[in-house]
Amino acid sequence: MDGYLGGKFRDVAKYKMEQAKDDLDSSGLLWKAGKYKAANNRAYYSCFHAIGAVLALEPVAFKRHKDVLAYFNKNYVHTEIFPKSIGRKLAKLEVIRHKSDYDDFYIASKEEAMQQIAVAQEVVQLAELFLEKDKGY
């Protein structure tokens, strides 16, 4: 990706990575405040935006979250650009986020929320390392 258009893709990647980091920070603040469901939500979105930053360099776009995750798993996890363990962790993160957001009777625990934040930290770090390999990032 050279020139103006490539610059635009990198700008989108940088913006999405900033969102990922903001969501990660928010998840920690929410966890400290005892808002574990909300912390799970922000941890998920931190990962979602970090993945979006990686995909922004292609560029590809999807309307549904499950399509983003499926594409990422197929093209980045299955090919071992990202560790295979990330695919499993993202799947669990998605399930917990869905329960946290939509299941009225779901009780999020402190420990579980901390695990979700740890996954988000790992995904953000791996995405940043991937993006730093792109010379223009």
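In this predicted model, the buried residues of helix α5 are Glu112, Ala113, Gln116, Ile117, Val119, Ala120, Val123, Val124, Ala127 and Leu131. The helix has 24 residues, which at 1.5 Å a residue should span 34 Å; the C-alpha atoms at its ends lie 35 Å apart, in agreement with that value.

Helix α5 also carries Glu128. With a relative accessibility of 22%, Glu128 counts as partly exposed. Once residues up to four places away in sequence are set aside, Glu128 touches Met17 and Lys21. With Lys21 there is a polar contact from side chain to side chain, at 2.4 Å. Glu128 may also be placed relative to Asp11: the two are 117 residues apart along the chain, and their C-alpha atoms are separated by 14 Å.

Met17, one of the residues touched by Glu128, leads on to the interior of the model. The largest nonpolar core has 38 residues, and Met17, Phe72 and Leu90 are those with the most contacts inside it. Two or more residues of this core come from each of α1 (3–32), α2 (36–56), α3 (65–77), α4 (84–102) and α5 (110–133). Helix α2 gives the largest share, with 13 residues. For Phe72, the contacts beyond four places in sequence are with Ile51, Val77, Phe82, Ile86 and Leu90.

Two residues of helix α2 help to fill in the picture. Leu55 lies in this helix and is buried, with a relative accessible area of 3%. Apart from residues up to four places away in sequence, Leu55 touches Val60, Phe62, Val68, Tyr71 and Tyr76. Leu55 and Leu131 are 76 residues apart in sequence, while the distance between their C-alpha atoms is 10.0 Å. His49 has its place in α2 as well. A relative accessibility of 15% puts His49 among the buried residues, since buried means under 20%. Its contacts, leaving aside neighbours within four places in sequence, are Lys16, Gln19, Ala20 and Asp23.

Aromatic rings deserve a look of their own. The structure holds nine aromatic pairs. One of them joins Tyr44 and Tyr45 in an edge-to-face arrangement, 5.0 Å from centre to centre and with 90° between the planes. Both of these tyrosines are buried. Tyr76 and Phe130 make up another pair; their ring centres are 5.7 Å apart and their planes meet at 85°, so this pair too is edge-to-face. Because Tyr76 lies in helix α3 and Phe130 in helix α5, the pair ties together parts that are 54 residues apart in sequence. As for accessibility, Tyr76 counts as buried at 7%, whereas Phe130, at 22%, counts as partly exposed. Ring pairs extend this arrangement into a cluster that links Phe72, Tyr76, Phe82 and Phe130. Phe72 thus takes part in the ring cluster and is also among the residues with the most contacts inside the largest nonpolar core.

A charged group completes the account of the rings. The charged end of Arg97 sits over the ring of Tyr44, at 4.6 Å from the ring centre. Tyr44 is therefore placed under the charged end of Arg97 as well as being paired with Tyr45.

Notes. Residues numbered from 1 in each chain as written. Predicted model: local features only at pLDDT ≥ 70, side-chain atom pairs only at ≥ 80, totals over all residues. Heavy atoms only, no water. Core = buried A, V, L, I, M, F, W, Y, C linked by side-chain atoms within 4.5 Å. Buried < 20%, exposed > 50% of the residue type's maximum accessible area, 1.4 Å probe, protein only. Helix = DSSP H or I, 4+ residues; strand = E, 2+ residues; numbered from the N terminus. Contact = heavy atoms within 4.5 Å. Phe/Tyr/Trp six-rings, centres within 6.5 Å; stacked < 30°, edge-to-face > 60°. Lys NZ or Arg CZ within 6 Å of the ring centre and 35° of its normal. Expected span 1.5 Å × (residues − 1). Polar contact = N/O pair within 3.5 Å; in protein donor to acceptor, adjacent residues only side chain to side chain.
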